[in-house]
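Student: I am new to this structure and would love a close look at one part of it. Could you pick a buried spot and walk me through its surroundings, starting from the whole?

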Amino acid sequence: MDQPFSDLVRRLALSDEEALTIFSLDALEAISGDVEHRPEIGILDTITAEAAQALGDGALPRWLRAGQPGRRPLDLLLAADFPAFEDALAQRAALSA
């Protein structure tokens, strides 16, 4: 697996199915690390790493799944609404500052 991709998946505690769906990948692309056609992976890896450092271990996976179904941060990722996810993450990080 590509390092930023695998770090991101691990940091957010995504299931394999969730990760493949979010980034429109097939299993072979994910396993081989053939994800360079998905630049949002690097961006999300960077911003979630910063947020994880600020919020502490385990905070991001809990936050990702918090809320009503259809309105959780995870739902933004599953809908590939990366700008809205970035905004939600920035708001969450600002609350802890």
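Tutor: Happy to! A word on terms before we start: helices here are DSSP runs of H or I with at least four residues, strands are runs of E with at least two, and both are numbered from the N terminus. Please keep in mind that this is a predicted model.

By that definition, the chain has 7 helices and 0 strands. Reading along the sequence gives the pattern α-α-α-α-α-α-α. The radius of gyration is 13 Å, close to the 13 Å that the globule rule gives for 97 residues, so the chain is as compact as a globular protein of that length. Along the principal axes, the C-alpha atoms fill a box of roughly 40 × 25 × 20 Å.

How is the chain held together in terms of contacts? Among contacts with a separation of 6 or more, 59% are between residues 24 or more positions apart. Buried residues make up 38% of the 97 residues. The accessible surface comes to about 5500 Å², and carbon and sulfur atoms account for 53% of that.

Now for the close look, and I suggest Asp45, which you will find in helix 4, spanning residues 40–55. Is Asp45 buried or exposed? Its relative accessibility is 13%, and the cut-off for buried is under 20%, so Asp45 counts as buried. Setting aside residues up to four places away in sequence, Asp45 touches Pro4, Asp7, Leu8 and Arg11. One of these neighbours deserves a second glance: the side chain of Arg11 makes a polar contact with the side chain of Asp45, at 2.9 Å. As for charge across the whole chain, there are 8 positive and 17 negative side chains, and the centres of the two sets lie 10 Å apart.

For a second buried spot to set beside Asp45, turn to Ile22 in helix 2, which covers residues 16–22. Ile22 has a relative accessible area of 1%, so it is buried. Leaving out neighbours within four places in sequence, the residues in contact with Ile22 are Leu14, Leu74, Leu77, Leu78, Ala80 and Phe82. If you would like a distance to trace on screen, go from Ile22 to Gly67: the two are 45 residues apart in sequence and 19 Å apart in space, C-alpha to C-alpha.

To retrace the tour, find Asp45 and its polar contact with Arg11, then move over to Ile22 and its contacts, including Leu74 and Phe82.

Note on methods. Residues are numbered from 1 along each chain as its sequence is written. This is a predicted model: local features need pLDDT of at least 70, side-chain atom pairs count only at pLDDT 80 or more; totals for chains, interfaces and linings use all residues. Side-chain values use heavy atoms; hydrogens and water are left out. The radius of gyration is taken over C-alpha atoms; the globule rule is 2.2 Å times the number of residues to the power 0.38. Buried means under 20% relative accessible area, exposed over 50%, partly exposed in between (1.4 Å probe, protein chains only). Contact means heavy atoms within 4.5 Å. Accessible areas come from the Shrake-Rupley method with a 1.4 Å probe; for residues, only the protein chains shown count as cover. Lys and Arg count as positive and Asp and Glu as negative; His and the chain ends are not counted. The place of a charge is taken as NZ of Lys, CZ of Arg, CG of Asp or CD of Glu. A polar contact is a pair of N or O atoms within 3.5 Å; within protein, one must be able to donate a hydrogen and the other to accept it, and residues adjacent in sequence count only if both atoms are side-chain atoms.
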